[in-house]
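Reader: I am new to this structure and would like a close look at one part of it, namely the aromatic rings and the charged side chains that meet around them. Please take me through that part slowly, and then place it within the chain as a whole.

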Amino acid sequence: GGDYAELQVGPAPTQMQTFSLPKGSQKEWTEFFRGFTGNKAKLMDDNDYSEATGEIERHLPSSQETESMHAALSKISAIPVKQHNIIHNGSSWGALHMALVAKQGGDVGFADAEAFEISGLLFPFVGRDEREVRPWRELLSGGAFSKRSLSASPLSFMTRREWAELLSASKNVTWLRALHLGVHFAERGDTEKAMQLFSESIRLSPSAQAYRSLAVLSSDSSYATGNYTLAWRLAKGAAFEGADRLRSALASEIARFLNGRAASAGTPAEQKEWLERIHNLLLDVKSAPNAGEILANDNVLAAQTRARVQLSGELDAAIATLSSQCFPTYGSERAELIELWYDAHYRKAVMEEKAAGSSVDELSPVEKHRIRRNNAIPANIGCPYPDNTCTSYQRPGLH
């Protein structure tokens, strides 16, 4: 079993166990969660799944328990809800969607509404997502983004057709409008149109987001690198609302891009060029306002480790990072970290042999095997889902 139960909801194409929900209708159900001690042999039977499901069914609530629970829940649900008893409201995104539906239905009062209510649940515009929703509410009610939104970093993006139509209909031609339309077309696979709109956004007012978008859509590494450089230059010293979030996300993406190019470089000279770019990025990041946050990012740490192993020779520092950091976002991609772990130890062994007077430049397969046996992969990078019980994960072929 896992460490938690995860419940998801969304449009049918993105989920399993789906059902239709006609307009204006409701669907209710009750879910039971209970712990039990089962027959492990039956639960783990790979040959007969019915053994596992049968063992589960044996521990399900009886019909009498189920009826009793439904009766209790029905009684509770019939009690009128008082405002001071509500511990959680709907999100601002729900309010925005209902405002959009209201406008499409010709309701002229939607623009002044501060909240929407449905089936007793309140969806206010004020809340945790208020900053992300605000620009879209402005577009919906006034047909344009405010000066405040135009001077801040966009924190959310919409790709549904209805929002693209509102953007296209807006007579306020701004960099943010062009950026959002570019994202819309990029999500639909129209790369050429998207890049035209990102270029238009830059012409109206250069932004890190537009340069970054051009970099992401480009298949030319040099072109992408140039645009990433311009994006970082604008983001690094930015002081607008959301600037720290922008810097962190952008630095993480650039680090991952450079790290990937260094790992796949065709020649030593090409690899060195990419590694030097990683080195230069790290130097520049150190003077960013939120440098500490950025330098602790998984992608930045991984790129830094590669540069230490394969460029500067800071092997002990690289080994210390690989044996202590969690890298929670790497998941099944930990093979990259494992390869860096072994590469660092191989290079350290060569350096030690040279210090002892040897002229060796390359270890033999037997020597590498011994190094792998003597330097086991740390549990923190050796498991796709690290915890206290997963200590034996090994990448196939490394031993």
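Author: What follows begins with the aromatic pairs, passes to the charged side chains, and ends with the chain as a whole. The model is a predicted one, and its chain has 19 helices and two strands.

The count of aromatic pairs comes to seven. One of them joins W136 and W163, whose ring centres are 5.6 Å apart and whose planes stand at 70°, so the pair is edge-to-face. Since W136 lies in helix α5 (residues 130-142) and W163 in helix α7 (residues 161-169), the pair ties together parts that are 27 residues apart in sequence. W136 is buried, with a relative accessible area of 0%, and W163 counts as buried too, at 3% relative accessibility. Another pair, formed by Y342 and Y346, is stacked, with 6.3 Å from centre to centre and 15° between the planes. Both of these tyrosines lie in helix α17 (residues 335-355), four residues apart, which is about one turn of the helix, and both Y342 and Y346 are buried. Returning to the tryptophans, ring pairs link W136 and W163 with F145 into a cluster.

Charged side chains also meet rings in this model. The charged end of R137 sits over the ring of F125, 3.9 Å from the ring centre, while the charged end of K27 sits over the ring of F19, 5.1 Å from the centre of that ring.

R137 has a second partner, for its side chain meets that of E114 in a salt bridge, with 3.4 Å from N to O. Because E114 lies in the loop between α4 (92-104) and β1 (115-118) and R137 in helix α5, this pair ties together parts that are 23 residues apart in sequence. E114 counts as partly exposed at 49% relative accessibility, and R137 is likewise partly exposed, at 22%.

The structure holds 20 salt bridges, and several others help to fill out the picture. The side chains of E253 and R212 meet at 2.7 Å, N to O, and this pair links distant parts of the chain, with E253 in helix α12 (residues 243-264) and R212 in helix α10 (residues 208-217), 41 residues apart. E253 is partly exposed at 23% relative accessibility, as is R212 at 30%. In the salt bridge between R58 and E55, the closest N and O atoms are 2.9 Å apart; here R58 counts as exposed, at 55% relative accessibility, whereas E55 is buried, at 3%. Salt bridges also link R131, R134, E138, R148 and E241 in a network.

One further charged residue, R306, lies in helix α15 (residues 298-312) and counts as buried at 6% relative accessibility. Beyond its neighbours within four places in sequence, R306 is in contact with N259, A262, A263, L275, L311, E336 and L340.

As for the chain as a whole, buried residues make up 37% of its 399 residues. Among the contacts between residues at least 6 apart in sequence, 58% join residues at least 24 apart. The radius of gyration is 28 Å, well over the 21 Å that the globule rule gives for 399 residues, so the chain is more spread out than a compact globule. Taken along the principal axes, the C-alpha atoms fill a box of roughly 85 × 65 × 35 Å.

Key
Residues numbered from 1 in each chain as written. Predicted model: local features only at pLDDT ≥ 70, side-chain atom pairs only at ≥ 80, totals over all residues. Heavy atoms only, no water. Buried < 20%, exposed > 50% of the residue type's maximum accessible area, 1.4 Å probe, protein only. Contact = heavy atoms within 4.5 Å. Phe/Tyr/Trp six-rings, centres within 6.5 Å; stacked < 30°, edge-to-face > 60°. Lys NZ or Arg CZ within 6 Å of the ring centre and 35° of its normal. Rg over C-alpha atoms; globule rule 2.2 N^0.38 Å. Salt bridge = Lys/Arg side-chain N within 4 Å of Asp/Glu carboxyl O.
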